[in-house]
Amino acid sequence: MRILVTDGMDKKALAQLREMGHEVVEQFYEPDQLGAALRDFDAVVVRSKTKVRAAQIDEAAKGRLKLIIRGGVGVDNIDVGHAADCEIAVRNTPLASSESVAELALAHMLSCARYISHAGYTMRSGLWEKKSYGKGFELNGKTLGIIGYGRIGATLGRIAKAIGMKIMAYGVHHEPGTVARDGVPYVSLDELLEKSDFISVHAPFAESPIVNAESIAKMKDGVVIINTSRGGNVDEDALLAALESGKVRAAGLDVWASEPTSNSALYSHPHVSCTPHIGAATVEAQARIGQEIVEIIKEYSK
């Protein structure tokens, strides 16, 4: 197969593909050039930077492209339905990054609870504001509401339970009152919003923000909101207003409405712990993603 890798890939996995006899080209294309380029490839491997929309798929369908692989969990940067209409398969690697994303969500929770991000910033500015950060709090004993209890959400739940947090979950495909395999109770979204001290979002991209002015109004005063899923799941204007009013005590954000984000008012807020979409950016996750991609290529090259 002739394979295009647009956003980078684990070096060992790249070597494996070449050892298997595949031609692998590593190159990023701008959207207006991508479609035509894809005509000459059997498969393309993308991460979050490359967007494969209908226009690119229509161009690619004129050539030999038969497979799009998203190295990661979400496929919202790919027009999956249109690809299917053009008989182009779309696959992803949902197993590879669960631990890494869940651990980053926990890191943001700890950062929000103990002012780690902002305290470090002020120290690097030459300040010693110990008294300013004397109102931190422990995660132990607090209630964590997880919106979207799939692989990543369940992994976070397991880790958070180990440090003494109480867990509840909401999922659109699970009835309130039922229990997940690990014993975590499913509740209604309203109950989760009302009772959680921390809310962590792990749902697929929604047509409208899950965390918006209406849902924030239902939350506890002083709630902490974490989002490592998709930027569009949080209304950034509503979140900023809630941070300013004190309704939301702090927020940990790895994903943004547009990336790279230009929302300096939000990422510069002293109660925001922020990262530039690095949830799966660990050595271990990248190696697992690479291996999943290799297995997909094996399957399609038989």
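**Exercise 1. Work out which side chains cover strand 4, and how this strand is connected to its neighbours.**

*Step 1: the faces.* Strand 4 (residues 67–70) has L67 and I69 on one side and I68 and R70 on the other, and all of these are buried. Here buried means under 20% relative accessible area, exposed means over 50%, and partly exposed lies in between, for a 1.4 Å probe and protein chains only. Strands (E, at least two residues) and helices (H or I, at least four) are DSSP runs, numbered from the N terminus.

A word on the source: this is a predicted model, in which local features need pLDDT of at least 70 and side-chain atom pairs count only at pLDDT 80 or more, while totals for chains, interfaces and linings use all residues. Residues are numbered from 1 along each chain as its sequence is written, and side-chain values use heavy atoms, with hydrogens and water left out.

*Step 2: the neighbours.* Two strands pair if DSSP finds at least two bridges between them. Strand 3 (residues 43–46) runs parallel to strand 4, with four bridges between them; within this pairing, V45 has I69 as its bridge partner. Strand 5 (residues 89–92) is also parallel to strand 4 and is joined to it by four bridges, and there L67 is partnered by A89.

*Step 3: the crossovers.* From strand 4 the chain passes through helix 4 (residues 80–85) to strand 5 in a right-handed β-α-β crossover. Strand 3, helix 3 (residues 54–60) and strand 4 likewise form a right-handed β-α-β unit. The test for right-handed is that, with the strands pointing away from the viewer, the path from the first strand over the helix to the second runs clockwise.

**Exercise 2. Describe the surroundings of S196: where is this residue, and is it buried or exposed?**

*Step 1: place.* S196 sits in the loop between helix 8 (189–195) and strand 8 (198–201).

*Step 2: exposure.* The relative accessible area of S196 is 0%, so this residue is buried.

*Step 3: polar partners.* Look for polar contacts, meaning pairs of N or O atoms within 3.5 Å; within protein, one atom must be able to donate a hydrogen and the other to accept it, and residues adjacent in sequence count only if both atoms are side-chain atoms. The S196 side chain reaches the backbone oxygen of L192 at 2.7 Å. One of its polar atoms also lies 3.4 Å from the backbone nitrogen of G145.

*Step 4: all contacts.* With contact taken as heavy atoms within 4.5 Å, and leaving out residues up to four places away in sequence, S196 touches T143, L144, G145, M168, K220 and V223.

**Exercise 3. Find how many salt bridges there are, and examine examples that link distant parts of the chain.**

*Step 1: the count.* A salt bridge needs a side-chain nitrogen of Lys or Arg within 4 Å of a carboxyl oxygen of Asp or Glu. The rule gives 14 salt bridges.

*Step 2: K11 and E26.* Their side chains meet at 3.5 Å, N to O. K11 belongs to helix 1 (residues 11–19) and E26 to strand 2 (residues 23–26), 15 residues apart. K11 is exposed because its relative accessibility is 59%, whereas E26, at 40%, is partly exposed.

*Step 3: E99 and R158.* In this salt bridge the closest N and O atoms are 2.5 Å apart. The pair connects helix 5 (residues 98–114) with helix 7 (residues 151–162) across 59 residues. Both partners are partly exposed, E99 at 32% and R158 at 45%.

*Step 4: K247 and D221.* These side chains meet at 2.8 Å, N to O. K247 is buried at 18%, while D221 is exposed at 66%.

*Step 5: a network.* Salt bridges that share partners join K11, R18 and E26.

**Exercise 4. In what order do the strands of the six-stranded open sheet lie?**

*Step 1: order.* The order is 7-6-8-9-10-11, with parallel pairing.

*Step 2: edges.* Strand 7 (166–170) and strand 11 (272–274) are the edge strands, each pairing on one side only.

*Step 3: a pairing inside.* Strand 6 (residues 143–147) pairs in parallel with strand 8 over four bridges, and G145 stands opposite I199.
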